[in-house]
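Colleague: I am new to this structure. Please take one part, look at it closely, and then tie it to the rest.

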Amino acid sequence: MAEPERPTEQRRMRPAPLLFEPAEAAADPENFFDLEKIEDPRELLSRATELTHAFRAATDRSIEFQAIAAAQLADPRRFDRLTAAAIAERAEWTEDYAKKMVEFGRDLLRGRAAGES
């Protein structure tokens with residue numbers, strides 16, 4: 001049975017480290033974090049699962065940083081603020097998505113400010 005979705009705070013455990021891939025290995029399309037070299041299916045499942053969790057955590061964190069950056073760039077107090085359209089163009093998003101990311105970033109920044117008080 002699948003586990004229920006956990007709140008964000010509980011999901012932020014440290015994932016397995018993403019090991020550096022040398023340039024030669026990264027250039028080989030068959031190479032992926034040396035998973036192809038693991039012969040034991042139990043070990044392969046374990047390591048592949050660790051990588052899946054690590055990539056998901058990295059994706060979640062990078063999206064949060066994108067949102068924070070979008071909110072900062074759209075901040076009306078900045079003399080060089082950007083419009084949602086300009087942010088969308090830079091990030092290769094739609095303008096509607098950029099607006100949502102700006103709002104998400106503002107929420108995250110408000111949460112940080114409240115946590116620092």
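Modeller: Start at Phe 33. With 15% relative accessibility, Phe 33 falls under the 20% cut-off, so it counts as buried. Keep in mind that this is a predicted model. Phe 32 comes out otherwise: its relative accessibility is 41%, and it counts as partly exposed. Phe 32 and Phe 33 belong to one aromatic cluster, together with Phe 55.

Now the rings themselves. The count of aromatic pairs comes to four. One of them joins Phe 32 and Phe 33, with ring centres 5.0 Å apart. Their planes stand at 80°, and the pair is edge-to-face. Another pair is Trp 93 with Tyr 97: the centres lie 5.2 Å apart and the planes meet at 80°. That angle is over 60 degrees, so this pair is edge-to-face too. Trp 93 is buried, at 18% relative accessibility. Tyr 97 is partly exposed, with a relative accessible area of 34%.

Trp 93 leads on to the core. The largest nonpolar core holds eleven residues, and Trp 93 is one of them. Five of the others are alanines you can pick out in the view: Ala 67, Ala 70, Ala 74, Ala 84 and Ala 88. The list also includes Leu 82, Ile 87, Ala 98, Met 101 and Val 102. Helices H3, H4 and H5 (95-116) each give two or more residues to this core. Look at Ala 98 within it. Leaving aside residues up to four places away in sequence, Ala 98 touches Ala 84, Ile 87 and Ala 88. Trp 93 is touched as well.

Step back to the whole chain for a moment. The chain has five helices and zero strands. Read along the sequence, the pattern is α-α-α-α-α. There are 117 residues, and 22% of them count as buried. Take contacts between residues at least 6 apart in sequence: 48% of these join residues at least 24 apart.

One of the helices that feed the core, H3, deserves its own look. H3 has 33 residues. From its first C-alpha to its last it reaches 47 Å, close to the 48 Å expected at 1.5 Å a residue. Its N-terminal end is capped by Asp 40. There, a side-chain oxygen of Asp 40 lies 3.1 Å from the backbone nitrogen of Arg 42.

Which residues of H3 are buried? They are Arg 47, Leu 51, Ala 54, Glu 64, Ala 67, Ile 68, Ala 70 and Ala 71. Ala 67 and Ala 70 were met above, as members of the core. Arg 47 and Glu 64 carry charged side chains into the list, and each has a salt-bridge partner: Glu 50 for Arg 47, and Arg 61 for Glu 64.

Take Arg 47 and Glu 50 to begin with. Their salt bridge spans 3.3 Å, N to O. Both residues lie in H3, three residues apart, which is about one turn of the helix. Arg 47 has a relative accessible area of 13%, under the 20% cut-off, so it is buried. Glu 50, at 33%, counts as partly exposed.

Glu 64 and Arg 61 come next. Their side chains meet at 2.9 Å, N to O. These two also lie in H3, three residues apart, about one turn of the helix. Glu 64 is buried, with a relative accessible area of 11%. Arg 61 counts as partly exposed, at 34%.

A further salt bridge joins Arg 77 and Asp 75, at 2.7 Å, N to O. Asp 75 sits in the loop between H3 (41-73) and H4 (84-91). Asp 75 is buried, at 17% relative accessibility. Arg 77 is over the 50% cut-off at 74%, so it counts as exposed. Across the whole structure, the search finds seven salt bridges, these among them.

Key: Residues are numbered from 1 along each chain as its sequence is written. This is a predicted model: local features need pLDDT of at least 70, side-chain atom pairs count only at pLDDT 80 or more; totals for chains, interfaces and linings use all residues. Side-chain values use heavy atoms; hydrogens and water are left out. Helices (H or I, at least four residues) and strands (E, at least two) are DSSP runs, numbered from the N terminus. Buried means under 20% relative accessible area, exposed over 50%, partly exposed in between (1.4 Å probe, protein chains only). The expected span of a helix is 1.5 Å times one less than its number of residues. A polar contact is a pair of N or O atoms within 3.5 Å; within protein, one must be able to donate a hydrogen and the other to accept it, and residues adjacent in sequence count only if both atoms are side-chain atoms. A salt bridge is a side-chain nitrogen of Lys or Arg within 4 Å of a carboxyl oxygen of Asp or Glu. A nonpolar core is a set of buried Ala, Val, Leu, Ile, Met, Phe, Trp, Tyr and Cys residues joined through side-chain atoms within 4.5 Å. Contact means heavy atoms within 4.5 Å. Rings of Phe, Tyr and Trp (its six-membered ring) pair if their centres lie within 6.5 Å; planes under 30 degrees apart count as stacked, over 60 as edge-to-face and the rest as tilted.
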